[in-house]
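Trainee: Got a minute to go through this model with me? I'd like the overall picture, then a few residues.

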Amino acid sequence: MKIAFLGLGTMGEPMARNLLAKGFEVVVWNRSPGKTAAVEAAGGRVAATPRAAAEGVDLLALCVSDGPDVDQVLRGSAEAAIHGMAAGSLVVDFSTISPGLTRELAAAFAERGVGFVDAPVSGGSEGAQKGTLAIMCGGSEADVERARPVFAAVGSRATRVGDVGAGQVAKAVNQVVIAGTYQAIAEGLMLAEGCAVDPRKVVEAIRGGAAASWVLDNRSGNMIVDDYPLGFRLRLHRKDLGIALGAAAAAGVGMPVAALVAAKEDALMTAGHGDEDMSALARAARQDAGIAPGPLGGEG
Ligand code: NAP
């Protein structure tokens, strides 16, 4: 299978390298030059434009920042990918964007006989490096099956959720669930501190029970010491919550917890914390609890 990969950022670059490692023929394109060196060293070819990358491939994958960026790369200019793709080929979008735009893009490609699968991922940069991403797919059964060899090279699990757009809905749900989880853990730790009980001991006591979670295991430590190295950038989560809140509004679904966390993230971004790990929500929780910045539990 000949593959094009557009967007060699934190996620896309290791995904393209994993495809090369599995023996696929891969041509890549990135907006800013200078990010292609590692892929070239691994045997990838570099194209000058999305259109040139798309010519002659069976499958075009992309992983860029946001909806307008995906739109731009796929159909926003004469050099966009849509003009290079042949009927019978397939687009796989690994970016996190809105379900509505996804359906619109899929319809534009369908007019040219090109299939479309939305395939947002979870697992972070570590999952992208290791090829262990969890992939949430939307598309026809036949198109998702065609993409499976690619999914197997970059991820450890790919679940077809439904038709085009359903993968992005699943990703939005994922981001809503983690919003509540981070916020609740931050609040809980402040409760322990306010009651003069060691938050570390509390985490140790509850992590094997019903409150267990990846966030509790991996991010409560950041919240306790009040230091937030990446991780998952808070501003990217806020982007994803915007997608989720937009989809919720369109569906007439109220989401008070997601809306609250979005407001807290907005305030944190305004205060200059947008490029910290998302666990920086504990900064706001400290403030809400009337607890001074700095380590909890007498640490320092
Ligand atoms: P990133 O490191 O910031 O890279 C973004 C990539 O998109 C770069 O290659 C950038 O090109 C390209 N890009 C942005 N706007 C563009 C435009 N208008 N035209 C062409 N190219 C454009 O981001 P990332 O972390 O890889 O995230 C990519 C996607 O994966 C996002 O949708 C994100 O939400 C999702 N995601 C990220 C994570 C994570 O932990 N990072 C986890 C799951 C999902 P330049 O090099 O020219 O800037």
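Mentor: We'll go from the whole chain to the cores, the aromatic rings and some single residues.

Mentor: This is a predicted model, so local features need pLDDT of at least 70 and side-chain atom pairs count only at pLDDT 80 or more, while totals for chains, interfaces and linings use all residues. Residues are numbered from 1 along each chain as its sequence is written, and side-chain values use heavy atoms, with hydrogens and water left out.

Trainee: How many helices and strands in the protein chain?

Mentor: There are 13 helices and 9 strands. These are DSSP runs numbered from the N terminus: helices are H or I with at least four residues, strands are E with at least two.

Trainee: What's the radius of gyration of the protein chain?

Mentor: The protein chain has 21 Å. A compact globule of 300 residues would be near 19 Å, so the two agree. The radius is taken over C-alpha atoms, and the globule rule is 2.2 Å times the number of residues to the power 0.38. Along its principal axes, the C-alpha trace spans about 65 × 45 × 35 Å.

Trainee: What percentage of the residues is buried?

Mentor: Buried residues make up 49% of the 300. Buried means under 20% relative accessible area, exposed over 50%, partly exposed in between, with a 1.4 Å probe and protein chains only.

Trainee: And what area does the protein chain expose?

Mentor: About 13,000 Å², with carbon and sulfur atoms supplying 54% of it. The areas come from the Shrake-Rupley method with a 1.4 Å probe; for residues, only the protein chains shown count as cover.

Trainee: Now contacts. What share joins residues at least 24 apart?

Mentor: 67%, among contacts between residues at least 6 apart in sequence. Contact means heavy atoms within 4.5 Å.

Trainee: On to the interior. How many residues are in the largest nonpolar core?

Mentor: It has 31 residues. Those with the most contacts inside it are Phe5, Met15, Leu19, Val92, Phe94, Ile135 and Phe151. A nonpolar core is a set of buried Ala, Val, Leu, Ile, Met, Phe, Trp, Tyr and Cys residues joined through side-chain atoms within 4.5 Å.

Trainee: Which elements supply at least two residues of this core each?

Mentor: Strands S1 (2-6), S2 (25-29), S4 (59-62), S5 (90-93) and S8 (133-138), plus helices H1 (12-21) and H7 (141-154). The largest share, 6 residues, comes from H7. Another core lies apart from this one, with 27 residues, among them Val215, Met223, Leu268 and Ile291.

Trainee: Back to Phe151. What is it in contact with?

Mentor: Leaving aside neighbours within four places in sequence, Phe151 contacts Val92, Phe94, Val117, Ala119, Ile135, Cys137, Val144 and Ala158. Phe151 also forms one aromatic cluster with Phe5 and Phe94.

Trainee: How many aromatic pairs are there in the whole structure?

Mentor: A search finds 3. Phe5 and Phe94 form a stacked one, 6.2 Å centre to centre with 10 degrees between the planes. Phe5 sits in strand S1 and Phe94 in the loop between S5 and helix H5 (99-110), 89 residues apart, so this pair links distant parts of the chain. Phe109 and Phe116 form a tilted pair, 6.0 Å centre to centre with 45 degrees between the planes. Rings of Phe, Tyr and Trp (its six-membered ring) pair if their centres lie within 6.5 Å; planes under 30 degrees apart count as stacked, over 60 as edge-to-face and the rest as tilted.

Trainee: Are those rings buried or exposed?

Mentor: Buried. Phe5 has a relative accessible area of 0%, Phe94 1%, Phe109 0% and Phe116 3%.

Trainee: Switching to helix H8. What span should it have?

Mentor: H8 covers residues 166-194, and its 29 residues should span 42 Å at 1.5 Å a residue. The end C-alpha atoms are 42 Å apart, which agrees. The expected span is 1.5 Å times one less than the number of residues. Ala196 follows H8, and its phi is positive, near 60 degrees.

Trainee: And Gln175, where is it found?

Mentor: In helix H8. At 2% relative accessibility, Gln175 is buried. Its contacts beyond four places in sequence are Phe232, His237, Asp240 and Leu241.

Trainee: Last one: is Val161 buried or partly exposed?

Mentor: Partly exposed, at 45% relative accessibility. Val161 is in strand S9 (residues 155-162). Leaving aside neighbours within four places, Val161 contacts Met136, Cys137, Ala166 and Ala170.
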